[in-house]
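Got the viewer open? Here is a walk through the model, one selection at a time.

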Amino acid sequence: AARFRSLLEEGMQSEFVGYGILKAESRIVALMDEDALPVESLPVGARGYVVTGHTPFYGASGGQSGDTGLLTTEEGKARVTDTLKPMPTLTVEQIEVTEGVIRAEQEVTMEVTEGERMAAARNHSCTHLLQAALRKVLGTHVHQAGSSVGPDHLRFDFTHIAAMTEEEIAAVEREVNAMIMADYPVTTREMDHDEAVKCGAMALFNEKYGDKVRVVSMGAEGADPCSMELCGGTHLARTGKAGYFVILSEGGVAAGVRRIEAATGWNAYNVMAERRAELGALSSMLKVRSSDLATRVDAMQKEIKSLRKELDKAKAASRGDVMSAVEEVSGVKVLAARAG
């Protein structure tokens with residue numbers, strides 16, 4: 001935020017309009033170079049920052065990374081490499097000019113990269129489903145202790161004192177996928193903070209919220225939601241759009257805080273495809289079907305253990321045979337043996 005202090009002091013604002021749209025038109029109200037100093041224009045190859053009156057680009061906040069995409073004026077084009085949110089009312093696009101020139105006060109067309117926004121939404125929506133599943137499997141003492149989501153990653157920290165067992169991890173993974181396959185609608189509404197809390201909406205511990213909050217609910221229509229949280233991030237329209245959810249790891253990060261890393265959608269598909277390829281390679285090496293790998297490895301371990309015992313016995317017997325050949329010559333014990 002320090003880089004954009006002058007903008008903040010001027011009270012400059014940029015309204016985020018990208019919950020329901022990925023493309024919008026506005027005017028450039030501030031243009032800066034890569035040191036965040038005001039400029040009139042940026043030529044091709046230059047990097048800098050742009051502020052527009054309103055924007056479809058989501059600025060990094062609430063654990064969700066910023067959007068990427070394209071920015072086009074009548075004189076030039078720029079790639080949006082990241083979107084920042086130094087203040088709740090101010091969104092700043094980080095850009096690299098790819099064609100022509102970008103000038104201040106020009107009309108601009110902005111378009112978010114759909115694939116990346118969708119992937120980030122899958123991950124963000126699944127953090128809500130994950131918290132609901134953890135509370136169901138482990139207990140209602142579980143609360144979110146932080147998260148980080150983007151197009152290519154999902155990290156979720158939560159309060160829990162012990163390492164999860166393999167059975168608990170499997171149960172949580174199954175519960176999240178059950179909510180995905182149920183294809184629940186995802187609804188959002190703005191409410192007074194106190195009203196949202198009374199309705200049971202969960203808030204992130206130590207997070208500051210305004211008087212008006214955005215409540216994201218997931219669950220069957222006409223029934224109590226399986227998840228209801230205060231959240232300003234971007235989400236799916238229905239849980240089914242997450243596709244698939246797989247837990248990659250679970251471990252401790254602090255006293256009483258655990259961390260789960262997971263994958264959704266195409267990221268989850270790629271993980272499973274890699275695992276299938278690894279199983280295929282192992283099956284070919286051991287000349288068995290993948291379903292028989294565990295049995296084959298168990299047999300090999302037993303065989304190796306038996307062979308090691310036989311080798312140890314042979315070595316012991318060999319040492320005994322050699323020692324029997326010791327002779328005493330002029331009062332000195334001498335051992336002569338052929339090496340190799």
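What follows goes from the whole chain to one sheet and then to some ring pairs.

Before you click: this is a predicted model, where local features need pLDDT of at least 70, side-chain atom pairs count only at pLDDT 80 or more, and totals for chains, interfaces and linings use all residues. Residues are numbered from 1 along each chain as its sequence is written, and side-chain values use heavy atoms, with hydrogens and water left out.

Start with everything shown as cartoon. You'll find six helices and 18 strands; these are DSSP runs, numbered from the N terminus (helices H or I, at least four residues; strands E, at least two). The radius of gyration, taken over C-alpha atoms, is 30 Å, well over the 20 Å that the globule rule (2.2 Å times the number of residues to the power 0.38) gives for 340 residues, so the protein is more spread out than a compact globule. Its C-alpha trace spans about 105 × 55 × 40 Å along the principal axes.

Now select 144-150, 153-159, 245-254 and 257-264. That's an open, antiparallel sheet of four strands in the order β10-β11-β16-β15, where strands pair if DSSP finds at least two bridges between them. β10 and β15 are at the edges with a single partner strand each, so one side of each has no neighbour in the sheet. The twist averages 15° from one strand to the next; axes are lines fitted to C-alpha atoms (for helices, over the stretch in contact), and angles run from 0 to 180 degrees between N-to-C directions. Zoom in on β15 and β16, joined over eight bridges, and find Ile 247 opposite Ala 262.

Add 114-138: helix α2 lies across β10, β11, β15 and β16, at about 30° to β11. Then add 265-286, helix α5, which touches β15 and β16 (contact means heavy atoms within 4.5 Å) and makes about 90° with the direction of β16.

Last stop, the rings. Five aromatic pairs are present, counting Phe, Tyr and Trp (its six-membered ring) with centres within 6.5 Å; planes under 30 degrees apart are stacked, over 60 edge-to-face, the rest tilted. Show Phe 156 and Phe 158: they are stacked, 6.3 Å centre to centre with 20° between the planes, and both are buried (under 20% relative accessible area, 1.4 Å probe, protein chains only). On α5, pick Trp 266 and Tyr 269, an edge-to-face pair with centres 5.5 Å apart and planes at 80°. Finish at Phe 16, Tyr 19 and Tyr 58, which ring pairs link into a cluster.

Notes
Buried means under 20% relative accessible area, exposed over 50%, partly exposed in between (1.4 Å probe, protein chains only).
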